[in-house]
Amino acid sequence: MIFILNMTLFLIGLFIMIRETNLIKKVIGLNIFQSSVFIFYLIISKVEDGIPPILTAEYGVYSNPLPHVLILTAIVVSIATTSLALALIIKIKRKYKTIEEDELDEI
């Protein structure tokens with residue numbers, strides 16, 4: 001069930017990026033798309049009955065912390081990408097007085 005919800009989120013983000021002509025809406029679609037990829041990666045890295053990787057006297061199945069660390073890095077890259085995209089949109093708006101893709105193609 002969670003895979004279906006995640007795939008729906010993935011498709012919504014992809015649909016927004018493809019369909020919308022407003023650049024800010026495209027950035028929002030990109031963020032939804034990226035979030036679904038993060039969630040998917042965390043879903044598949046789940047270990048059943050896994051415990052945190054803290055050394056104790058008892059033995060158990062440990063969860064691997066690497067996927068979570070990678071997702072934290074990806075979130076930082078996502079924030080940087082979003083901020084750069086919004087800065088570029090501001091520059092485009094100031095120079096061309098529009099953020100619609102169709103109007104920019106005409107110019």
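This is a short conversation about reading salt bridges, exposure and contacts in a predicted model.

Colleague: Happy to look at this together! What should I keep in mind first?

Modeller: The model is predicted, so local features need pLDDT of at least 70 and side-chain atom pairs count only at pLDDT 80 or more, while totals for chains, interfaces and linings use all residues. Residues are numbered from 1 along each chain as its sequence is written, and side-chain values use heavy atoms, with hydrogens and water left out.

Colleague: How many salt bridges are there, by the rule used here?

Modeller: The general idea is that side chains of opposite charge can pair when their charged atoms come close. Here a salt bridge is a side-chain nitrogen of Lys or Arg within 4 Å of a carboxyl oxygen of Asp or Glu. The count comes to three salt bridges.

Colleague: Which residues form a salt bridge with E20?

Modeller: One partner is R19, with the closest N and O atoms 3.4 Å apart. The other is K25, where the closest N and O atoms are 4.0 Å apart.

Colleague: And where does K26 find its partner?

Modeller: The side chain of K26 meets that of E101 in a salt bridge, at 3.7 Å from N to O. This pair links distant parts of the chain, as E101 is in helix α4 and K26 in helix α2, 75 residues apart. Helices (H or I, at least four residues) are DSSP runs, numbered from the N terminus. By contrast, R19, E20 and K25 are joined into one network by salt bridges that share partners.

Colleague: Is K26 buried or exposed?

Modeller: Buried means under 20% relative accessible area, exposed over 50%, and partly exposed in between (1.4 Å probe, protein chains only). K26 is buried because its relative accessible area is 18%. Its partner E101 has 30% relative accessibility, so E101 counts as partly exposed. R19 is exposed, at 54%, and K25 is partly exposed, at 41%.

Colleague: What can I read from I24 in helix α2?

Modeller: Helix α2 covers residues 23-44. I24 counts as partly exposed because its relative accessibility is 36%. Contact means heavy atoms within 4.5 Å. Leaving aside neighbours within four places in sequence, I24 is in contact with I89 and I99. I24 and L84 are 60 residues apart in sequence, and their C-alpha atoms are 12 Å apart in space.

Colleague: Lastly, where is E106 found, and why does E106 count as exposed?

Modeller: E106 is found in helix α4, residues 101-106. E106 counts as exposed because its relative accessibility is 71%.

Notes
Helices (H or I, at least four residues) and strands (E, at least two) are DSSP runs, numbered from the N terminus.
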